[in-house]
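Here is a short tour of a protein model, written to be read with the structure open beside you. Take a look at the fold, then follow along from one residue to the next.

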Amino acid sequence: MIVVTGISGGIGYEFTKLLLRSDLLHQLEQKVVGVFNRNEPNFEADEANLILVKADITKIEDVNKVAEAARSGNDRIIILHFAACSIDGLVASYNVDDLSQTIDVNIKGNFLITQSLLQDMIRSKWGRIIHFSSHAGIE
């Protein structure tokens, strides 16, 4: 199962769209668990290979929903972290809430998703975890 976070927009959305249109899923015999928090994405591709999960990755109960969906496939798990929070402006103008939100999504959220599936990866002796980062994403 390929778990892709941050598919509401930006690079996560664009990557997932390309993944769904490629032959890679069929070659790997994989499905995609697409994790979104804001707007449910609309993909114009074969969505039979897509399981959408609305989740706030900073909340353990939502992360558990993602892990459950990922376990519904084969035992090969790939995690692609695209989820990120970016507050516009200079750090000098951030307030504590801006900083907390950025840390919660960019660090805590990615940690919780990884932690929830890491034992499955260890048990199957296979897994991949890839973090992506971009300031602006794809327009």
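## Starting from Val 33

This is a predicted model, and Val 33 is a good place to step in. Setting aside neighbours within four places in sequence, Val 33 is in contact with Met 1, Ile 2, Val 3, Val 4, Ile 51, Val 53, Val 66, Ala 69 and Ala 70. Val 33 also belongs to the largest nonpolar core, which has 19 residues; together with Val 3, Val 35, Val 66 and Leu 117, Val 33 touches the most other members.

Which elements supply this core with at least two residues each? Among them are S2, helix H3 (60–70) and H4. H3 gives the largest share, five residues. A second core, separate from this one, has 15 residues, including Ile 7, Leu 25, Ile 78 and Phe 82. As a general background, nonpolar side chains in soluble globular proteins tend to be buried together.

## Next door: Val 32

Val 32 is placed in strand S2. Is Val 32 buried or exposed? Its relative accessibility is 0%, so Val 32 counts as buried. Not counting residues up to four places away in sequence, Val 32 touches Met 1, Ile 2, Val 4, Thr 16, Leu 19, Leu 20, Leu 25, Asn 49, Leu 50 and Ile 51.

## A buried histidine

From Val 32 we can hop to His 81, which is 49 residues away in sequence and 13 Å away in space, C-alpha to C-alpha. His 81 lies in strand S4 and is buried, with a relative accessible area of 1%. Which side chain does the side chain of His 81 meet in a polar contact? The partner is Asn 110, at 2.9 Å.

Leaving out neighbours within four places in sequence, the contacts of His 81 are Thr 5, Asn 110, Ile 113, Thr 114, Ile 129, Ile 130, His 131 and Phe 132.

## Aromatic rings

The structure holds four aromatic pairs. In one of them, Tyr 13 and Phe 43 are stacked, with 5.0 Å centre to centre and 20° between the planes. Tyr 13 sits in helix H1 (residues 10–21) and Phe 43 in the loop between strand S2 (32–36) and strand S3 (50–54), so this pair ties together parts that are 30 residues apart in sequence. Both Tyr 13 and Phe 43 are buried.

Phe 15 and Phe 82 make another pair: their ring centres are 5.3 Å apart and their planes are at 35°, so the pair is tilted. Because Phe 15 lies in helix H1 and Phe 82 in the loop between strand S4 (78–81) and helix H4 (96–124), the pair ties together parts that are 67 residues apart in sequence. Phe 15 is partly exposed at 29% relative accessible area, whereas Phe 82 is buried at 10%. Phe 15, Phe 82 and Phe 132 form one aromatic cluster. Elsewhere, Arg 128 lies over the face of Trp 126, 4.3 Å from the ring centre.

## Stepping back

What does the secondary structure come to? The protein has four helices and five strands, and along the sequence they follow the pattern β-α-α-β-β-α-β-α-β. Its radius of gyration is 15 Å, which agrees with the value near 14 Å for a compact globule of 139 residues. Taken along the principal axes, the C-alpha atoms fill a box of roughly 50 × 35 × 20 Å.

Buried residues make up 41% of the 139 residues. Of the contacts with a separation of 6 or more, 66% involve residues 24 or more positions apart.

Conventions:
Residues are numbered from 1 along each chain as its sequence is written. This is a predicted model: local features need pLDDT of at least 70, side-chain atom pairs count only at pLDDT 80 or more; totals for chains, interfaces and linings use all residues. Side-chain values use heavy atoms; hydrogens and water are left out. Rings of Phe, Tyr and Trp (its six-membered ring) pair if their centres lie within 6.5 Å; planes under 30 degrees apart count as stacked, over 60 as edge-to-face and the rest as tilted. Buried means under 20% relative accessible area, exposed over 50%, partly exposed in between (1.4 Å probe, protein chains only). A charge sits over a ring if NZ of Lys or CZ of Arg is within 6 Å of the ring centre and within 35 degrees of the ring normal. A polar contact is a pair of N or O atoms within 3.5 Å; within protein, one must be able to donate a hydrogen and the other to accept it, and residues adjacent in sequence count only if both atoms are side-chain atoms. Contact means heavy atoms within 4.5 Å. A nonpolar core is a set of buried Ala, Val, Leu, Ile, Met, Phe, Trp, Tyr and Cys residues joined through side-chain atoms within 4.5 Å. The radius of gyration is taken over C-alpha atoms; the globule rule is 2.2 Å times the number of residues to the power 0.38.
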